[in-house]
Amino acid sequence: SIEQVDGPKGWASNIKKLFDSKFFSRSSLILTGSDANKLEQGGRVMLGRGVEGNTHYLAPLNFRDYVLQINQNGIAREKMIEKRTGPRKDYQSKQAFLQEEKKMETLARIMTSQNVSLNNSLKEFSTSASQFSGFTELLHFLLLEYIKSGGFPEAITTQLIDGTDENKAKIYEKTINSVLEKIELSGLSKENSKRILLGILDTRSQTI
């Protein structure tokens, strides 16, 4: 991973030089990365080199995929279940963990086999939905955890696996700086941008 975007050692500025030297005149170059903010910065450095209109962002995981991914990842599944049962230290908590793990795996199996859409008849929808009747509490818990992360892989990983205060602070800082940067592009000062964000946070109990 190359942190620097612009400048002599920046990946975007060096790719731009290669474009200008016709190095990619008969090629298509695909740049990928997990930091959308850095990719966007690089795109601004390489304006006029075919970037415009060719940027694509992966959407966050939907709730179904979130549950399936958590179940498939052994560490993530363990951390998630321990949030409900506590650490597996004694016999009682270990038994509760194993029961919850079995329930999680069964839920994931049902989700994998179901493919319900609004085009299904009411009877088909009702039949499929009935299979989840014994998982209401677990689904409610997983949905709340999903909302906390927004379905974004980095947030999920930090929340479950690598959730140290230092790593959480890094994500918060990166997210805030990214939002501030986008607001500033509209001509607002950083001070006014912060006032807007604080105003939004003050309305957190409302629909917004």
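**Reading rings and a pocket**

Me: How does Phe-63 count at 21% relative accessibility?

Reply: In this predicted model, Phe-63 counts as partly exposed, because its relative accessibility is 21%, and the partly exposed class lies between buried, which is under 20%, and exposed, which is over 50%. Tyr-146, by contrast, counts as buried, because its value is 16%.

Me: How many aromatic pairs does the structure hold, and how should I read one?

Reply: A pair of aromatic rings is described by two things, namely the distance of the centres and the angle of the planes. The structure holds 4 aromatic pairs. One of them joins Phe-23 and Phe-24, whose centres are 5.1 Å apart and whose planes stand at 90 degrees, which makes the pair edge-to-face. Phe-23 is exposed, with a relative accessible area of 56%, whereas Phe-24, at 15%, counts as buried. Another pair is made by Phe-63 and Tyr-146, with ring centres 5.6 Å apart and planes at 70 degrees, so this pair is edge-to-face. Phe-63 belongs to helix α3 (residues 63-72) and Tyr-146 to helix α7, so that the pair links distant parts of the chain, 83 residues apart.

Me: Which rings are linked into a cluster by ring pairs?

Reply: Ring pairs link Phe-19, Phe-23 and Phe-24 into a cluster. A ring can also have a charged residue over its face, and here Arg-84 lies over the face of Phe-141, at 5.1 Å from the ring centre.

Me: How much space lies in the largest pocket, and which helix gives the most to its lining?

Reply: A pocket can be read by its volume and by its lining, and here the largest pocket holds about 1800 Å³ of space. It is lined by 50 residues, and those closest to its centre are Ser-34, Asp-35, Ala-36, Asn-37 and Tyr-57. Several helices supply at least two lining residues each, among them α1 (11-20), α2 (36-45) and α8 (153-160), while helix α9 gives the most, with 9 residues. By kind, the lining residues divide into 23 nonpolar, 18 polar and 9 charged.

Me: Where is Lys-174 found, and which residues does it touch, not counting those up to four places away in sequence?

Reply: Lys-174 is found in helix α9, and it counts as partly exposed, because its relative accessibility is 30%. Leaving aside residues up to four places away in sequence, Lys-174 touches Asp-35 and Glu-154. Lys-174 and Asn-37 are 137 residues apart in sequence, yet their C-alpha atoms are 8.7 Å apart in space.

Terms used:
Residues numbered from 1 in each chain as written. Predicted model: local features only at pLDDT ≥ 70, side-chain atom pairs only at ≥ 80, totals over all residues. Heavy atoms only, no water. 1 Å grid on protein atoms, 1.4 Å probe; cavity = no way out; pocket = protein on both sides within 12 Å on 5 of 7 lines; lining within 4 Å. Points joined across faces, edges and corners; volume = space filled by probe spheres on them. Helix = DSSP H or I, 4+ residues; strand = E, 2+ residues; numbered from the N terminus. Nonpolar A, V, L, I, M, F, W, Y, C, P; charged D, E, K, R; others polar. Buried < 20%, exposed > 50% of the residue type's maximum accessible area, 1.4 Å probe, protein only. Contact = heavy atoms within 4.5 Å. Phe/Tyr/Trp six-rings, centres within 6.5 Å; stacked < 30°, edge-to-face > 60°. Lys NZ or Arg CZ within 6 Å of the ring centre and 35° of its normal.
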